Structures are given as C-alpha cells and as structure tokens.
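Student: Could you take me through one part of this model up close? I'd like the metal site first, then what is packed inside.

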Amino acid sequence: MLSNRVVQLKCGVKHDPWGKQGKESLAGHLWAQTPGSTGISEDETYSEMWMGTYPTVPARLLSTGETLENYLKRKPEVVGESVRQRFHTGLPFLPKVLSFSKALPLQVHPDKRLAEQLNLTKPEQFADPNHKPEIAVALSEFELFAGFKPLADIESLLAIKPLDQFIPAHATFDDELLRKICRIFLQLPPETVSETVSAVLSLPRKSFPPEHRYVPGLLERLSKQYTESDNGSLVAVLLMNYMTLQPGEAVCVPADSIHAYLRGDILECMARSDNVLATGFCPRPTRNNVELFARALSFKPHGPKEATLAHKKSEKGELGRTVEYAPPFSEFNVLATTLGKGEEERHKPIAGPSIVVVTRGNGEMVVEGEKKLDIHEGAVFFVGDGVPIEFMSSVGMDVYRPYAE
Ligand SMILES: [Zn+2]
C-alpha cells in the first residue's frame, strides 16, 4: 500500500451481450492488465469495467481484496470533510469504461423523486434511491443517440408517408406531442413495427431531408442487431439525435434524458446509482413499463449541440496538459491528462476523493512528491483528499481522473 490516501484497485468487469468480443474490447483489455488477472477469453464479451463502490460490481484494494467501499467506511478521513457532509458516502460517483459493438438498451435514468419512489415499491429492480445523471467521453470513435432531435426536424421526418399515420390529428408539434409519439412507437405491436421499418427501407433515399439521409441505413443496421420488430429502432432513429463523436469529445445525459449508445469505447461517469428504465434494444420480458418510461422523459437536450459537453483547460493541471469536463450536476467533474513522449503534468491537490485510470500508454506517477510508481494501461487508483500527484511518460500516456470536492 502506498499510503492510506492512495491505493491501487482491482476492478470488476461485466459481460453484457452488447459488449465487444475478447481482445477487441478496451474495457476487457484494461481490466485484464491488473496484476494477478486471469487474462482475456476470446469466447466472452467484455462490456463494462466498473471503478467505484457500487455493491453489484465493487472495486477492491489490490493489496488486500477489501472492497473500496468498506475501506472508505473505515477511513473516512481520506474522503475529505466536504464530500462526506454533502453526499454521506465515500465516493458519490461511479466511473466505468464501456466497450460495445451493438446498441445498448434504449434508456432513461429516473430523477431523484421517481428513484426514491421506485426503490421503495420495487427494491429488487431499483436497488438505490439515487438519480443517475451521466457523462460519456469518447475513447475511440463513438456513435450514439442522445436526447431528442429539434422539433422541426422530427416534424419534417414524420410528415413522410407512412410515418405520418403516427401523428395524432390536429396536434401542435411540441414536447407533449413528442411524449405521445414516443409512447405510440413504444406500444406498437411487433408486426406494425416491422411493417413500418420495411416500408421506410423501401422508400427512395431522396424522400428524406438531406440531413436525415442516414435514416434508412441506421434502421436497417439496428434491425439486424435487434430484429425488425424492436420498438426502440423507431424511437432512436426517427426522434433522437444521432451523433458520432471523436476521441476526447463528450456528451452529457441529465437525469430523465433519453439515450442509447451504439458503438465505441467510452469513459463514463455517473452519480452513484444503477437505476435504469429500458424499453428497447433489450428482450421484451426485461423491458420496463412504457407508461412509466414516457412519463419520466424529459426534453433536455433537444438537438445535438445541447447534448454535447465541452471541455476546457483545467487549472488543476499546473503544466497545462489537463482538460476538465464539468457537467451541470454536483457529484463529479472529470479531468483528462494527455501526455506526449517525454511530457509531464502535475495535478494540484483535490479537496475530495478521485479515481485515476490510465487508458493509454504508460509512465510514472509520483505521489506526494516522493513515492514513484510505474503505471500502465489499465492501472486504476483511488486517490484521497488533498494528495498532490505528478505524471510523467517517455512514450505518451492518457489519464482520466473523475473527482468530487
Ligand atoms: Zn445510461
């Protein structure tokens, strides 16, 4: 153990069917770099590596196997006063690396009020009373659906036959109408979904407005992944923003905001919760109630610009090689330090807990100005309140550091 404020972690990994296969998966690759790991099996998918204290996939101290959660309970001083008082937990956020080659379930995460209610009435399905706003930073090219398209775009797409049949008569095109259309799409019987998808696929390309020429291609792709009768395809392709992000670009998904990730490797960070309502791109028996889903929906963001989370240079990086993603919720921000060959960076002490994860390359980490450690892709550390950290690399290295203060 380095000091009681900096400990190396062994993280858990998940094998959801939408995860990338074997060595293709960055989540699996990073997870397998932990000392003592059994390595990657080409027969398995590796969807998510979790780096936090959530009890279903807990991170553990590499040296002793104790859960990080338990460790922080025993040593509350390493969390820091302000975070302990504000969040009453050791780590108020949950960082993950995700790798996926087909769509994740179409989902929203309930806000605090709904989460509390669901946790009380259905604790087996909603295991915590917290909200789960999240951000996702692209580590490779990242395709996704997030939030709704601008109303005018949806209106022009749904004016195309045979889609016009789903717009209620005499309706004003506003967010409440959008909620209704979403509910209609999600409640269509499987035959109607596949008839509609086939009808759209047989339309000439020029039937679609130029900025939406991608519609038939994407519908076809999702139909191959989840059958032509998956209600999620109509909602995602026709109503939601379809975006492709490059490494370093990010999206912000507030509570109650609709999203479905499609392809890529991402660093995800969210408030410490696992509550999800899903209604598409998952087996019918596991889908949540459409009525509940439609009621929970919020209409932020509208349009791809609003969904994007910009980053700016962080004053926490003393040598200027660190940017910061600061979403408009209080549980966390994320620092990203990018080092070229022979470069270094110093992080000022952070007044709260953080997680350090190396996603590319290798180098050294110096803790409190004296303890020097070799670090490499897949190394994950918990860093406690008030610890100055330096990074240096002769070959180049990317380090992400979600934190709370
Ligand atoms: Zn989500």
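Is His-109 buried or exposed, and what is its relative accessible area?

Tutor: Quick ground rules: this is a predicted model, where local features need pLDDT of at least 70, side-chain atom pairs count only at pLDDT 80 or more, and totals for chains, interfaces and linings use all residues. Residues are numbered from 1 along each chain as its sequence is written, and side-chain values use heavy atoms, leaving out hydrogens and water.

His-109 is buried, at a relative accessible area of 1%; buried means under 20%, exposed over 50% and partly exposed in between, with a 1.4 Å probe and protein chains only. Gln-107 counts as buried too, at 11%. Both residues hold the zinc ion: its protein donors are Gln-107 (OE1), His-109 (NE2), Glu-134 (OE, listed twice) and His-259 (NE2), 2.1 to 2.7 Å away. Donors here are N, O and S atoms within 2.8 Å of the metal (3.2 Å for Na, K and Ca), and because water is not among the atoms, sites may look incomplete. Along the sequence, the donor residues follow Q-x1-H-x24-E-x124-H.

Now the packing. The largest nonpolar core (buried Ala, Val, Leu, Ile, Met, Phe, Trp, Tyr and Cys joined through side-chain atoms within 4.5 Å) has 65 residues, and Phe-142, Phe-185, Leu-239, Ile-258 and Tyr-261 touch the most other members. Domain 1 (12-146 + 243-278) and domain 2 (148-241) both contribute residues, so this core lies between them; those bounds come from an automatic or database assignment. Beyond four places in sequence, Phe-142 contacts (heavy atoms within 4.5 Å) residues including Phe-100, Met-243, Tyr-261 and Arg-263.
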